[in-house]
Amino acid sequence: LGYISNLKPYSYQSETGEFCGIARDICDYIEETAGIKFNYIPLEAKNTTSELLREKEISVLSSYGGFLSFEPYVNIKVTEPYLEYSYLFVFEEGETFSKSDHLRFGVGPLSMMLEDEIKEKYPDSSIIYYENAEIAFEKLEAGEIDVLLGEHYCVEPFLNKPIYQKFQSVSAGFLNRRCCFAILDYEEEAD
């Protein structure tokens with residue numbers, strides 16, 4: 001079972017190398033109720049390709065949200081979602097922005113998959129990638145980005161910290177996702 005190792009709190013690798021997060025809790029439940037045992041293999045969201053999945057012999061992928069395309073060599077069967085989440089824009093209270101503004105968006109690992117959707121809605125903006133929400137919040141605080149775009153599960157805990165009370169969040173309604181398991185069936189490559 002391949003899991004995305006840098007999507008805290010959904011799916012991540014601890015400092016000791018252990019698979020952790022919401023997806024792990026669900027995998028543990030599946031193992032217990034189905035009487036099976038998964039071999040966990042860490043993956044990075046931005047570097048996951050059909051070639052990598054085939055090389056690592058991954059047959060199940062957790063935290064699949066439909067944002068990765070593995071064609072032409074992998075057929076995907078997707079389970080019902082086990083988690084639904086939305087994205088939030090975070091910016092300084094009182095600020096406003098429009099589609100025509102040149103904004104500097106700071107995004108975390110899962111949001112990296114949304115570049116096309118962001119560019120479609122805000123074509124004159126730039127996107128700066130960060131390893132995690134904590135770094136993105138630090139950059140927002142320092143004025144190095146105008147807007148942080150993050151998953152609500154990752155963003156909301158930071159908004160409760162006194163240092164970030166001057167920021168507000170607004171739903172990025174056009175960006176909602178679901179986490180599913182993907183069962184992978186590899187087709188033979190054409191010669």
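In this predicted model, the largest pocket has a volume of about 590 Å³. Its lining comprises 28 residues, and those closest to the pocket centre are Asn6, Lys8, Glu131, Asn132 and Ala133. Two or more lining residues come from each of E2, E3, strand E9 (104–107), H4, E11 and helix H5 (152–159). By class, the lining of the largest pocket consists of 15 nonpolar, 8 polar and 5 charged residues.

The second largest pocket has a volume of about 180 Å³. Here the lining is made up of 15 residues, with Phe91, Glu92, Glu95, Ile145 and Asp146 nearest the centre. The elements E8 and H4 each give two or more residues to this lining. Its composition is 7 nonpolar, 2 polar and 6 charged residues.

Two of the strands that contribute to the lining of the largest pocket, E2 and E3, belong to an open sheet of 3 strands. The order in this sheet is E2-E3-E4, and the pairing is antiparallel. Strand E2 (6–7) and strand E4 (19–20) form the edges, each pairing on one side only. Between E2 and strand E3 (residues 11–13), the antiparallel pairing extends over 2 bridges. Asn6 is placed opposite Tyr12 of E3; Asn6 is also among the residues closest to the centre of the largest pocket.

Strand E8 (residues 83–92) has 8 buried residues out of 10, so this strand is largely enclosed by the rest of the structure. It is joined by 4 bridges to strand E11 (residues 147–151), and the two strands run antiparallel. Within this pairing, Tyr87 has Glu151 of E11 as its bridge partner.

In soluble globular proteins, nonpolar side chains tend to be buried together. The largest nonpolar core of the model contains 29 residues, and those with the most contacts inside it are Tyr87, Phe89, Phe105, Ile118 and Leu149. At least two core residues are supplied by each of strand E5 (41–43), E6, E8, E9, E11 and strand E12 (167–186). Beyond its neighbours within four places in sequence, Phe105 is in contact with Phe89, Ile118, Tyr122, Ser125, Ser126, Ile127, Ile128, Ile145, Val147 and Leu149. A second core, separate from this one, has 13 residues, including Tyr130, Leu140, Leu148 and Leu159.

Helix H4 (residues 133–141) contains Glu134. This residue has a relative accessibility of 42% and therefore counts as partly exposed. Although Glu134 and Gly108 are 26 residues apart in sequence, their C-alpha atoms are 9.2 Å apart in space. H4 itself gives two or more residues to the lining of the largest pocket, and it does likewise for the second largest pocket.

A further local feature concerns the backbone at Glu57. Most residues other than glycine have a negative phi. The phi of Glu57, by contrast, is positive, near 55°. Glu57 is located in the loop that connects helix H2 (50–55) with strand E6 (60–64). With a relative accessible area of 69%, Glu57 is exposed. Strand E6, at one end of this loop, is one of the elements that supply at least two residues of the largest nonpolar core.

Methods. Residues numbered from 1 in each chain as written. Predicted model: local features only at pLDDT ≥ 70, side-chain atom pairs only at ≥ 80, totals over all residues. Heavy atoms only, no water. Buried < 20%, exposed > 50% of the residue type's maximum accessible area, 1.4 Å probe, protein only. Pairing = 2+ DSSP bridges. 1 Å grid on protein atoms, 1.4 Å probe; cavity = no way out; pocket = protein on both sides within 12 Å on 5 of 7 lines; lining within 4 Å. Points joined across faces, edges and corners; volume = space filled by probe spheres on them. Nonpolar A, V, L, I, M, F, W, Y, C, P; charged D, E, K, R; others polar. Core = buried A, V, L, I, M, F, W, Y, C linked by side-chain atoms within 4.5 Å. Contact = heavy atoms within 4.5 Å.
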